[in-house]
Amino acid sequence: MVFKSSGQYNPYFDPKTDNMPIAADTQKVVNTPVEKSSAMDDQDMALVNLIVSLVDSKKINLYAPSTLINQPVYDKLPELTRGKVDQHAFNMLTSVREIYNYYKSPFSNNAYQFENRVHWLRLQKEAAEKEWGDVFVI
């Protein structure tokens with residue numbers, strides 16, 4: 001099947017304004033996360049505090065997924081399962097890095113984006129540990 005252009009384009013796109021400079025105050029508003037009116041869940045906040053303390057104490061290296069793994073539990077797993085844990089640790093470490101960097105940023109930690117990332121990580125960790133045991137240090 002060959003794609004044929006209909007000759008129409010997005011009516012909301014104006015090529016004359018594409019890549020035009022954006023005012024600094026407008027850019028600041030766009031880049032600032034939206035704050036929530038309620039506080040973060042206690043379990044999620046406990047996870048954030050644990051992550052920050054482990055990274056600050058150098059027990060978790062933000063660029064080494066193996067530092068996220070609870071080695072004694074991991075060593076008892078079958079090889080195929082260890083491969084799955086390795087992949088999971090790699091993906092989880094990306095979230096750990098984003099959470100840590102956001103926590104240390106000047107933005108408020110009471111933002112939807114931050115809460116969603118932390119909650120997603122906690123659910124991923126809980127699902128993995130339900131299947132494989134206490135394989136992560138967080």
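Okay, let's start with one residue: leaving aside anything up to four places away in sequence, Arg122 touches Asp41, Gln43, Asp44 and Leu47, where contact means heavy atoms within 4.5 Å. Arg122 sits in helix 5, residues 112-132; helices here are DSSP runs of H or I, at least four residues, numbered from the N terminus. Arg122 counts as buried because its relative accessibility is 9%. For the cut-offs, buried is under 20% relative accessible area, exposed is over 50%, and partly exposed is in between, with a 1.4 Å probe and protein chains only.

Quick housekeeping. This is a predicted model, so local features need pLDDT of at least 70 and side-chain atom pairs count only at pLDDT 80 or more, while totals for chains, interfaces and linings use all residues. Residues are numbered from 1 along each chain as its sequence is written, and side-chain values use heavy atoms, with hydrogens and water left out.

On confidence, pLDDT is the predictor's confidence in each residue, from 0 to 100. The mean for the protein is 89, and 93% of its residues reach 70 or more. Helix 1, residues 24-31, has the lowest confidence, with a mean of 85, and helix 3 has the highest, at 96.

Now, back to Arg122 and its surroundings. How do the axes of helix 2 and helix 5 cross? Helix 2 is residues 42-56, and the two axes come within 9 Å and cross at roughly 85 degrees. Axes are lines fitted to C-alpha atoms, for helices over the stretch in contact, and angles run from 0 to 180 degrees between N-to-C directions. That makes helix 2 roughly perpendicular to helix 5, the label for 65 to 115 degrees. Helix 2 brings Gln43, Asp44, Leu47, Val48 and Ile51 to the contact, and helix 5 brings Phe114, Val118, His119, Leu121 and Arg122. By type, the residues of this contact are 6 nonpolar, 2 polar and 2 charged. In that scheme Ala, Val, Leu, Ile, Met, Phe, Trp, Tyr, Cys and Pro are nonpolar, Asp, Glu, Lys and Arg are charged, and the others, Gly among them, are polar.

Helix 2 also packs on helix 4, at about 90 degrees and with the axes 10 Å apart. So that pair is roughly perpendicular too. From helix 2, Met45, Val48, Asn49, Ile51, Val52, Val55 and Asp56 meet Val96, Ile99, Tyr100, Tyr103 and Lys104 of helix 4. Here the split is 9 nonpolar, 1 polar and 2 charged.

Let's look along helix 4 itself. Helix 4 covers residues 79-104, and its 26 residues reach 37 Å from first C-alpha to last, close to the 38 Å expected at 1.5 Å a residue. Its buried residues include His88, Met92, Ser95, Val96 and Ile99. What covers the buried residues of helix 4? Helix 2, helix 3 (71-75) and helix 5 are included in the cover.

Ser95 is a nice case: at 2% relative accessibility it counts as buried. Not counting residues up to four places away in sequence, Ser95 touches Arg117, Trp120 and Leu121. Thr94, also in helix 4, is partly exposed at 29% relative accessible area.

Last stop, Lys58, in the loop between helix 2 and helix 3. Phi of Lys58 is near 70 degrees, a positive value in a residue other than glycine. Most residues other than glycine have a negative phi. Lys58 is exposed, with a relative accessible area of 69%.

Conventions
Helices (H or I, at least four residues) and strands (E, at least two) are DSSP runs, numbered from the N terminus. Angles under 35 degrees count as roughly parallel, over 145 as roughly antiparallel, 65 to 115 as roughly perpendicular and the rest as oblique. The expected span of a helix is 1.5 Å times one less than its number of residues.
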